[in-house]
Amino acid sequence: VGFIDITEATAGTWATGPTTVQGAGGNAVASMQSLGWGKYQELSGSRSLGTTYYNTTGRPMYVLVRSRNTSTSNAVLALTVDGANIGSINQPTAATTTTVQGIVPPGSSYAVDWDSGTKVLQTWNETF
């Protein structure tokens with residue numbers, strides 16, 4: 001993947017050299033490795049709250065998880081990346097749907113879990 005930029009006095013004559021040359025491996029390829037070029041996936045059937053996963057895609061990954069805690073109010077749902085809390089939200093009343101989301105860098109570990117109570121996973125979505 002690449003391109004050249006060339007200006008000629010007469011179209012098709014190729015009398016001068018190009019002003020810009022971007023070969024394979026340049027920004028054209030790098031842009032396809034950015035967030036959003038991959039497949040959007042709903043993974044509730046293969047993901048669990050409190051389990052650590054790893055981003056092995058080689059690209060940044062966006063994670064969005066919806067859950068509810070049926071047994072307690074004032075419980076906290078958190079997304080941790082490499083052991084650091086990067087996003088959390090307090091559930092003000094029991095059985096309220098709560099969403100946490102964030103970006104997971106390539107090679108990083110990530111998990112979503114409640115700090116207490118009875119946990120119900122509703123949806124787990126990832127895209128990269």
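The following exchange concerns the fold, the nonpolar core and one buried residue of a predicted model.

In this model, local features need pLDDT of at least 70 and side-chain atom pairs count only at pLDDT 80 or more, whereas totals for chains, interfaces and linings use all residues. Residues are numbered from 1 along each chain as its sequence is written, and side-chain values use heavy atoms, without hydrogens and water.

Me: How many helices and strands does the chain have?
Reply: Helices (H or I, at least four residues) and strands (E, at least two) are DSSP runs numbered from the N terminus. In that direction the elements run β-β-α-β-β-β-β-β-β-β-β. The secondary structure therefore comes to 1 helix and 10 strands.

Me: Which strand gives the largest share of the largest nonpolar core?
Reply: A nonpolar core is a set of buried Ala, Val, Leu, Ile, Met, Phe, Trp, Tyr and Cys residues joined through side-chain atoms within 4.5 Å, and the largest one here has 17 residues. The elements giving two or more residues to this core are strand 5 (61-69), strand 6 (75-81), strand 8 (98-104) and strand 9 (109-114). The largest share, 4 residues, comes from strand 6.

Me: Is Glu 126 buried or exposed?
Reply: Glu 126 is found in strand 10 (residues 119-127), and its side chain makes a polar contact (a pair of N or O atoms within 3.5 Å, one able to donate a hydrogen and the other to accept it; residues adjacent in sequence count only if both atoms are side-chain atoms) with the side chain of Trp 124 at 2.8 Å. Buried means under 20% relative accessible area, exposed over 50%, and partly exposed in between (1.4 Å probe, protein chains only). Because its relative accessibility is 3%, Glu 126 counts as buried.
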